[in-house]
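Please open the structure in the viewer and keep the selection panel at hand. The tour below proceeds from one selection to the next.

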Amino acid sequence: MSETVLKVGSTTFTNANLKDVATVVAHGAAGNPLFGRKKASAASKNLAEGGTAILTNQRFVFGKGKNIKKMAEGSVADFSGAAAKGEIRHEIPLGSILAINQGKQGLSPVLDLVTDTGTYRFSWMQKALLEWEAAIESAKAQCE
């Protein structure tokens with residue numbers, strides 16, 4: 001079966017935990033030279049990373065870059081350019097998603113994609129979040 005792009009849109013990936021938040025608050029994103037810029041930058045990146053979400057009939061992909069952004073709904077999925085340039089940050093096969101949960105991180109509504117290897121948290125505005133949840137549930141059901 002060929003892989004088809006079902007949905008494309010902007011999202012924010014965030015897997016921040018209390019330790020990451022405390023680190024950034026206590027030391028600033030890069031402001032404390034004793035703490036180290038790399039460590040603060042890594043903690044800050046966990047708080048939020050904007051990018052593009054792509055749902056296909058086989059997987060959910062999050063990434064950043066030109067090759068990811070130019071994917072179009074209804075097209076045959078071709079991630080070769082994005083993969084070659086390192087633009088793919090997360091790739092989650094639909095079959096590995098065990099649960100899809102709504103939640104909040106601060107004031108932002110989030111969708112948690114729970115897999116056997118961990119939870120991936122994405123943030124959208126409420127209306128878009130509901131649309132993505134329905135699309136992922138539908139694609140997952142058709143994949144099974």
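In this tour, buried means under 20% relative accessible area, exposed over 50%, and partly exposed in between, with a 1.4 Å probe and protein chains only. The model is predicted, so that local features need pLDDT of at least 70 and side-chain atom pairs count only at pLDDT 80 or more, while totals for chains, interfaces and linings use all residues. Residues are numbered from 1 along each chain as its sequence is written, and side-chain values use heavy atoms, with hydrogens and water left out.

**Stop 1: a salt bridge at Asp-112**

Select Asp-112, which counts as buried at 10% relative accessibility. Add Arg-121: the two side chains meet in a salt bridge, at 2.7 Å from N to O. The term denotes a side-chain nitrogen of Lys or Arg within 4 Å of a carboxyl oxygen of Asp or Glu. A search of the whole structure finds five salt bridges.

**Stop 2: the network around Arg-59**

Next, select Glu-3 and Arg-59, whose side chains form a salt bridge of 2.6 Å, N to O. This pair links distant parts of the chain, with Glu-3 in the segment before β1, Arg-59 in strand β3, and the two positions 56 residues apart. Strands (E, at least two residues) and helices (H or I, at least four) are DSSP runs, numbered from the N terminus. Glu-3 is buried, with a relative accessible area of 11%, and Arg-59 counts as buried at 16%.

Now add Glu-91 to the selection. Its salt bridge with Arg-59 has the closest N and O atoms 1.9 Å apart. Here too the pair links distant parts of the chain: Glu-91 belongs to strand β4 (residues 88-93) and Arg-59 to strand β3, 32 residues apart. Glu-91 is partly exposed, its relative accessible area being 41%. Through shared partners, salt bridges join Glu-3, Arg-59 and Glu-91 into one network.

**Stop 3: helix α5**

Which residues make up helix α5, and how far does the helix reach? Select residues 126-143: the helix has 18 residues and reaches 26 Å from its first C-alpha to its last, close to the 26 Å expected at 1.5 Å a residue. The expected span is 1.5 Å times one less than the number of residues.

Within α5, colour Leu-129, Trp-132, Glu-133, Ile-136, Ala-139 and Lys-140, which are buried. They cover an arc of only 140 degrees around the axis, which puts them on the same side of α5; the arc is that of the directions from the helix axis to the C-beta atoms. On the other side of α5, Lys-127, Ala-141 and Gln-142 are exposed.

To see the packing partners of the buried residues of α5, display β1 (5-13), β2 (49-56), β3 (59-63), β5 (97-105) and β6 (108-115).

**Stop 4: Ile-100 in β5**

Select Ile-100, which is located in strand β5. Is this residue buried or exposed? Ile-100 is buried, with a relative accessible area of 11%. Contact means heavy atoms within 4.5 Å. Leaving aside neighbours within four places in sequence, Ile-100 is in contact with Leu-111, Asp-112, Leu-113, Glu-133, Ile-136 and Glu-137. The C-alpha atoms of Ile-100 and Glu-137 are 7.9 Å apart, although 37 residues separate the two in sequence.

**Stop 5: aromatic rings**

Rings of Phe, Tyr and Trp (its six-membered ring) pair if their centres lie within 6.5 Å; planes under 30 degrees apart count as stacked, over 60 as edge-to-face and the rest as tilted. By this rule there are seven aromatic pairs.

Select Phe-13 and Phe-122. Their ring centres are 5.4 Å apart and their planes stand at 55 degrees, so the pair is tilted. Phe-13 lies in strand β1 and Phe-122 in strand β7 (residues 118-123), so the pair ties together parts that are 109 residues apart in sequence. Both Phe-13 and Phe-122 are buried.

Then select Trp-124 and Trp-132: with centres 5.1 Å apart and planes at 15 degrees, the pair is stacked. Trp-124 and Trp-132 are both buried. Showing Phe-13, Phe-60, Phe-62, Phe-122, Trp-124 and Trp-132 together displays a cluster linked by ring pairs.

**Stop 6: Lys-7 over a ring**

Keep Trp-132 in view and add Lys-7, a residue of strand β1. Lys-7 lies over the face of Trp-132, at 5.3 Å from the ring centre. A charge sits over a ring if NZ of Lys or CZ of Arg is within 6 Å of the ring centre and within 35 degrees of the ring normal. Lys-7 is buried, with a relative accessible area of 18%. Beyond neighbours within four places in sequence, its contacts include Glu-73, Glu-131, Trp-132 and Ala-135.
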